[in-house]
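Biologist: I would like to go through this model with you and ask, label by label, on what grounds each term is used.

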Amino acid sequence: MTERIDRLVRTWIASEQEQEIEEAASEIAQGNATLLSLVKSLGEYLTSEEDDLRTKGVEFLSLVLAKCPQEKLNRQSVRVLTMFFCGKLEDTETIIPALKGLVTLTKLPAFTSIDAVEVIKAIFTHVKMKVLVQSQRFMVFTIVDGLVARHREAFKALGDEFIREYINLAEGEKDPRNLMLAFAIDRVLVIEFDVQKHIEDIFNITFCYFPITFRPPPNDPYGISTDDLKGALRSCLYATPAFGPLAIPLFLEKLTAGSPVTKKDTLQTLDVSLPVYGPAVARENARKLWNCLKLEIFQPTDSETEEKALKTTQVLIHTIYAANETAGSDSAEIEGLAKDACDECIQILREPEKSQAQHAIKVLCAFMSTTPSVARFTLARAVPHLVKLFHNPDELPNRAPTLRLLADLIEAARKSTSEDPEVLPEEGNVPLSPYKDEVLGVLTVGLKTPASALPAIDGLKSMVRTAGLLTDEELGFVVHNVNEILQKDEDESEISDASLDLLCTVSSFASSHVSNNTLPLLFTSLPDKAPTREAEADRIRYWRTLAYLKKLCTHPELFETLVVRLSTKLDLLCISSASNDEQSSIDLEPSAAYAHSILKTLADVLSVKIDLGHADVVKYIDRLVPRLYNLFIYSALLAEEKPMPATDPRLLAVAAQIITLVTQTLNVVRQESFIKAVFAAYLDGDVSQLVEGVQKIPTDKRFTPLQPGASTAQKNLVVLFAAAGIALHKDVSLPVPDETALLNNLLQWTADSAENALQREAVTHLISAILNRHADKLEAFLSTNIADFWQARIADGTVTVDARRNAISTFTWVSKALLVRGHPTAMANVDRLFELFDDDKVNWDAARAIGLIPGPDKILTKKNHAVTRILYAQKYCNAVLPRIIDGAKASQSTRQNAFLVALAALIKSVPKSTYTDQMTSLMPLLLRGLDLPDNEIRASVIDTLQAAATSAGKDNTLLAEHAASLVSTMLKNSMVSHMPSVRVRVAALRYLATLPEVVRYDVLHPQKATVVRELARVLDDPKRAVRKEAVEARTNCSPVEHHEWV
């Protein structure tokens, strides 16, 4: 084995290949050789007179040692090798490989404190850092860092010698990688070693780096950021109170003359250093620090530095006064900086309208989060001053800024108390308590004037949110005064919004005040009868009241009141209006509009509550939904005799939204019982389980909305049928013996019995939802019934065009339901739609359907518990888009236009990322799509081009290639004489305005004269929105703006 080691040594000395090192380490690991045998083989090289051979010998030993298992190095081996490498540090030729060996040795378990002392002394004696390059110095710091981490007790025994020698070693280091280690070592020495005699020297070798100005080079492989280096240095700067007297003058110098970046760094360092330096140092330098800090606060260069200066002021005050804080301390005892600074700020607050007052109140607000005694002292000086200022007749014009200052101070006082709503402060321990009556008084007075109402509301909100400050009676007083604002006729929307926000805050923990005082006022202001068409002011008033209720009534208790009152109002409005109207010619539109607003309010609040996760929504399946079914079924049955407001389709749409929202929140069991009642009503005519209300359903009339002979009013109620079914869980079983028969009947109903789009879309959505949940149980329906529907209703050219278009729409929703859940039949259906491209009667409808299938909708959503697969739209696009592109390129005119329509519809429906890589092929086709005679398609194409342009960078070669065509096409589409659609004209002008930002100057400049001339004509467009975009587009080609058109 010795021969093999000898061979490996000789080979490496000659070639220096990694393989020999690996094999030598492997021999030792397997027990075929020992370190002793390796040293013997290296003997002639380790003692060679030739520097190169001697260096290589030590290098080989170090490299093999690094790869040897730790268990192969016993105590004796480590001891011998330590002495050997320490000896080699004396040799300038072998110092580098010796350091490599020591890096490995010092990490071994068998390496003891005796070895550590010997190594550190050898390094101090023989290693001259100034002659080593960075990587070599890094090894030295790595060794020292490891030794200090594992053997610091042995180094402590060396006393001043260790500290002194380390300072000499570390002094002058500049490389960031080495400094990261040096700072870590410095922190340990300062905290755990006795460095009192050398504190100034350690201060000099650390503070000389402050502030850090290092910027990492691009693609830095070491990953050391500026913040890493700043953090490591900062951890040294606040490591000991002994640095305080030496550091503060340096910090003051940086704050006075430093750059903005240096100032921010200094302020952050002061934040962590001052508490460590202690109150004595802080007190001694308080005035000097405050003079620097207030300059950054009262004359800020930027908001970030101002915020940091305020934070440092807080830390300074807390450091000075926290040590003397006692439970019984009196505000009168406050002396020193807090008193002086507070007095300065109070003096500035004598002129509340001046900008300096804003900075002064920020300082006082910062004081609120220092110590309790300082906070009490600050309030004792500031609150009476501001209250007196508010009452001063000479300061009447300044009441609004005065209240703004006071509101900021109240909020700061609130933040200084516990944020935990469950923890109430001890009695008398709320900072603002002694002054709440005076403050409440001035804020209430401020409410009465529009100019000061907003700051007054903000102040009241902070008082309301301060735990333990206001009594229940005082909360009622606040609500009473805010109610007066809401009752005013003036449309002060900003003040109203703030008032509602305050009432919402009160209702979150004391809803009874809003329920008993505010809501009755708002409900009283709602008229029982709808205002006439001419009574615009009355209509605006009830809109505003409903908006207030929508904002206020999300709290469960308040929402319950809202449901009761508005549903009652709805019944009175829809039934009384009808009963009072003896002639069919009476105008029911105002009543329908009012009822629509009421229903929309309920729907909007429900939507907010669901987003907030309120659990009480579930109960309205019993308290609200049956009343809605009762109202609309009753109205539909009576509509055969007289006009009824509740038969308006717009009301049905909002009621359907409410039913769906409530159904979404139900569990499977409750959904099953609900859908059973719905199906009993709609399929069997038994409404007894579904409806509940004041109006009783007439027993002499039958509810048969799905029968062919049903009235239009009854058929319209399929909207509410679908609303109950589209949000069902997939585990809910439909209460029918045969789902296939049900779906086939509904499918035929859309074609044979539906009278309008409302009815047809509702049933189509229901079919889609059922298919999406239960497609695996409906294979017969998909294979037979859908195929028959296709042949009879769509493929048959003898069927009327309108009927075929309606059937294609239904077929689209069937395919969408299957695609969303990843069912293979979806793509088979798409193939059928492509077959229609030769049929010039419905080919565009089929093309649009292909684009609509993957698009987003409000039916097949997660909220509605639809079964969905991730990335279904992307997969669909990847399958269909190449086919569309190929067809658009190869087809004859009729088919080609259909492919272009499909392309425009598809790219509008799918995420931009799905077709971005195809833009080179798509651009010529999109330009051709702008010549199609369909304005909606043109608008979609321009929107797609706009999205592609804004997402691309400068020098877009694709746009540059088609720039001339794009400019001429967009100009043509922006002219009212060529394009009647406002939407297309606006989109075209926006695209023209974007082009200079994404296309090079040399490409666009030839088009400049034409663009400027044609846009001048667009400035006379009859529509203001178009003229506005024309001005923007023309500005982008103006020489003053230096855009690329120039």
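What follows is a conversation about ring pairs, burial, charges over rings and confidence in this predicted model.

Biologist: What makes Phe-155 and Phe-162 a stacked pair?

Modeller: The ring centres of Phe-155 and Phe-162 are 4.8 Å apart and their planes differ by 20 degrees; a pair needs centres within 6.5 Å and counts as stacked if the planes are under 30 degrees apart, so both conditions are met. Phe-155 and Phe-162 are also both buried.

Biologist: Why is the pair of Tyr-629 and Phe-674 called tilted?

Modeller: The centres of Tyr-629 and Phe-674 lie 6.4 Å apart, which is within the 6.5 Å limit, and the planes stand at 55 degrees, neither under 30 nor over 60, so the pair is tilted. Tyr-629 belongs to helix 30 (residues 625-638) and Phe-674 to helix 32 (residues 668-684), so that the pair links parts of the chain 45 residues apart.

Biologist: How do you know that Tyr-629 is buried or exposed, and what about Phe-674?

Modeller: Buried means under 20% relative accessible area; Tyr-629 has 0% and is therefore buried, and Phe-674, at 5%, counts as buried by the same cut-off.

Biologist: Which residues do ring pairs link into a cluster?

Modeller: The cluster consists of Phe-203, Phe-207, Phe-210, Phe-243 and Phe-251, and the count for the model comes to 22 aromatic pairs.

Biologist: What places the charged end of Lys-156 over the ring of Phe-193?

Modeller: The charged end of Lys-156 is 5.9 Å from the ring centre of Phe-193, and the distance limit for such a placement is 6 Å. Arg-399, in turn, lies over the face of Phe-390 at 4.2 Å from the ring centre.

Biologist: Why is Leu-573 called buried, and with which residues is Leu-573 in contact?

Modeller: Leu-573, which lies in helix 27 (residues 556-580), has a relative accessible area of 1%, and since the cut-off is under 20%, Leu-573 is buried. Leaving aside neighbours within four places in sequence, the contacts of Leu-573 include Asp-528, Tyr-594, Ile-598 and Pro-645.

Biologist: Where is the pLDDT below 50?

Modeller: The protein averages a pLDDT of 88, and 95% of the residues score at least 70, but over residues 327-332 the pLDDT is below 50. Residues 1039-1046 also stay under 50, although the model has 27 contacts for them beyond four places in sequence. Where pLDDT is low, the predicted coordinates should not be read in detail.

Definitions and conventions: Residues are numbered from 1 along each chain as its sequence is written. This is a predicted model: local features need pLDDT of at least 70, side-chain atom pairs count only at pLDDT 80 or more; totals for chains, interfaces and linings use all residues. Side-chain values use heavy atoms; hydrogens and water are left out. Rings of Phe, Tyr and Trp (its six-membered ring) pair if their centres lie within 6.5 Å; planes under 30 degrees apart count as stacked, over 60 as edge-to-face and the rest as tilted. Buried means under 20% relative accessible area, exposed over 50%, partly exposed in between (1.4 Å probe, protein chains only). Helices (H or I, at least four residues) and strands (E, at least two) are DSSP runs, numbered from the N terminus. A charge sits over a ring if NZ of Lys or CZ of Arg is within 6 Å of the ring centre and within 35 degrees of the ring normal. pLDDT is the predictor's confidence in each residue, from 0 to 100. Contact means heavy atoms within 4.5 Å.
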